[in-house]
Amino acid sequence: MYANNLSRDSNIDFLRFIGLTAIILVHVTPPLLISQLRAFDVSLMVFVSGLAASNKIINDYKSYFWKRTKRLVIPVWIFLALYIPFLEVISNLGLLSVKSFLSADVIIDSFALRLGIGYIWIFRIFLMMMFLLPVIQWSNKKIISNRMYLLLIAVALCIQYVLIFIFNSIEDGFLRRSFHYYIIDCFGYALLLSLGVRIRNINNTEKRWWVVISLLTLIGGIIIYVNYNGFPIILSPTYKYPPYGYYLIYGMVCCILLWCCKSMYERFSKFKFFSYIGSNTCWIYLWHIPVLLLSSVLFNSWWYRFLFVYSISILFYTIQRRIVVLYLNNTSIQQYLL
């Protein structure tokens, strides 16, 4: 299991808050410019996982894998076990047309953390990152030079390009999906995880270099993108499923800037509102899925939908938390509902 060497970092919770906010924002279909500017959302959440794990030691690998798998998968399965019957009810009542979510294939895909009903795939990413974390922590310790570490990340981005090329040449549907879900996604997001593991412990001088290098890389990426694709620059969803180099580079740059410039928001990160959301992102995210469906009926404005989905998701989770604390305290299921 983990041996935690540091107390909870409010800056990490604040970044989780930003990541969750960006995810919910894109799901309410904002204007194109906003949807592209916030296209670092999933990258940031994976990066933050690396930050949180950077100073933790895994003493017992078997216990670690089992505990973390349960912590990731069981909340999602509990949610799906309640949400799918809910979809069946509203479909039978004729309130919404959701029959497409209720086929056996979609339900199986959902519980397998693939595409399914949508929105659940991010937990597959976290699960795969959990399996890779010990390897990345080992690599982080072995590679002393930060320059060498950055160079290896650059090489890995080139490998990701090769993987994308292979993916685009696969014609068989099953192989194509499997290669996407378990190879390209895994390898691509592992770069964000490794970045988070490393960057937390570099000094201020190196941070400045990382910022400069990342910005230059971003400029180079923009030049290449515009040369091949022109304007406007559309990263998500075009280059997100699976994650292309353009999407990963943008995510890396945003993550590096947000962490290296934390002095700008450090004072605000200690506010209870941010820490509450940042430390409870899992269930707030799950609650936003049914609330998002409801918002599509109630509002046309993306801005009203955003405020509604965000606030009601927090409210529902707060009610859930209160019920769990009052009636399920010290029970085995409590840890999966909080």
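**Exercise 1. Decide whether D109 is buried, exposed or partly exposed, then examine its pairing with R114.**

Step 1. D109 has a relative accessible area of 22% and is partly exposed; here buried means under 20% relative accessible area, exposed over 50%, and partly exposed in between, with a 1.4 Å probe and protein chains only.

Step 2. R114 falls into that class too: its relative accessible area of 23% makes R114 partly exposed.

Step 3. R114 and D109 form a salt bridge, and their closest N and O atoms are 2.8 Å apart. The term stands for a side-chain nitrogen of Lys or Arg within 4 Å of a carboxyl oxygen of Asp or Glu. Side chains of opposite charge can pair when their charged atoms come close.

Before you go on, a word on the source: this is a predicted model, in which local features need pLDDT of at least 70 and side-chain atom pairs count only at pLDDT 80 or more, while totals for chains, interfaces and linings use all residues. Residues are numbered from 1 along each chain as its sequence is written, and side-chain values use heavy atoms, with hydrogens and water left out.

**Exercise 2. Find how many salt bridges the rule gives, and place two of them along the chain.**

Step 1. The count is six salt bridges.

Step 2. One of them pairs R16 with D13, with 3.1 Å between the closest N and O atoms. Both residues sit in helix α1 (residues 10–27), three residues apart, so about one helical turn separates them. Helices are DSSP runs of H or I with at least four residues, numbered from the N terminus. The general background is handy here: an α-helix has 3.6 residues a turn, so residues three or four places apart point the same way. D13 is buried, at 3% relative accessibility.

Step 3. Now try a pair with a long sequence separation: K240 and D41 meet in a salt bridge at 3.8 Å, N to O. K240 is in the loop between α9 (204–229) and α10 (245–260), D41 is in helix α3 (residues 41–53), and the two are 199 residues apart, so this pair links distant parts of the chain. Both ends are buried: K240 has a relative accessible area of 5%, and D41 comes to 1%.

**Exercise 3. Check the length of helix α6, and say where α6 bends.**

Step 1. Helix α6 (residues 121–142) has 22 residues. The expected span is 1.5 Å times one less than the number of residues, which gives 32 Å for α6.

Step 2. The end C-alpha atoms of α6 are 32 Å apart, in agreement with that expectation.

Step 3. The bend is at L132 and comes to about 45°, with a proline, P134, following within four residues. The bend at a residue is the angle between axes fitted to the seven residues ending there and the seven starting there.

**Exercise 4. Describe the backbone in two loops: which residues have a positive phi, and which peptide bonds are cis?**

Step 1. Recall the usual case: most residues other than glycine have a negative phi, and most peptide bonds are trans.

Step 2. L113, which is not a glycine, has a positive phi of about 65°. L113 belongs to the loop between α5 (104–111) and α6, and is buried at 4% relative accessibility.

Step 3. Y119 is not a glycine either, and its phi is positive at about 75°. Y119 is also found in the loop between α5 and α6, but is partly exposed, with a relative accessible area of 26%.

Step 4. Turn to the loop between α9 and α10, where P232 lies. The peptide bond from F231 to P232 is cis, with omega near -5°.

Step 5. P242 is in the loop between α9 and α10 as well, and a cis peptide bond with omega of about 0° joins Y241 and P242.

**Exercise 5. Place C254 in the fold.**

Step 1. C254 is part of helix α10.

Step 2. With 12% relative accessibility, C254 is buried.

Step 3. Along the chain, C254 and S214 are 40 residues apart, and 8.9 Å separates their C-alpha atoms.
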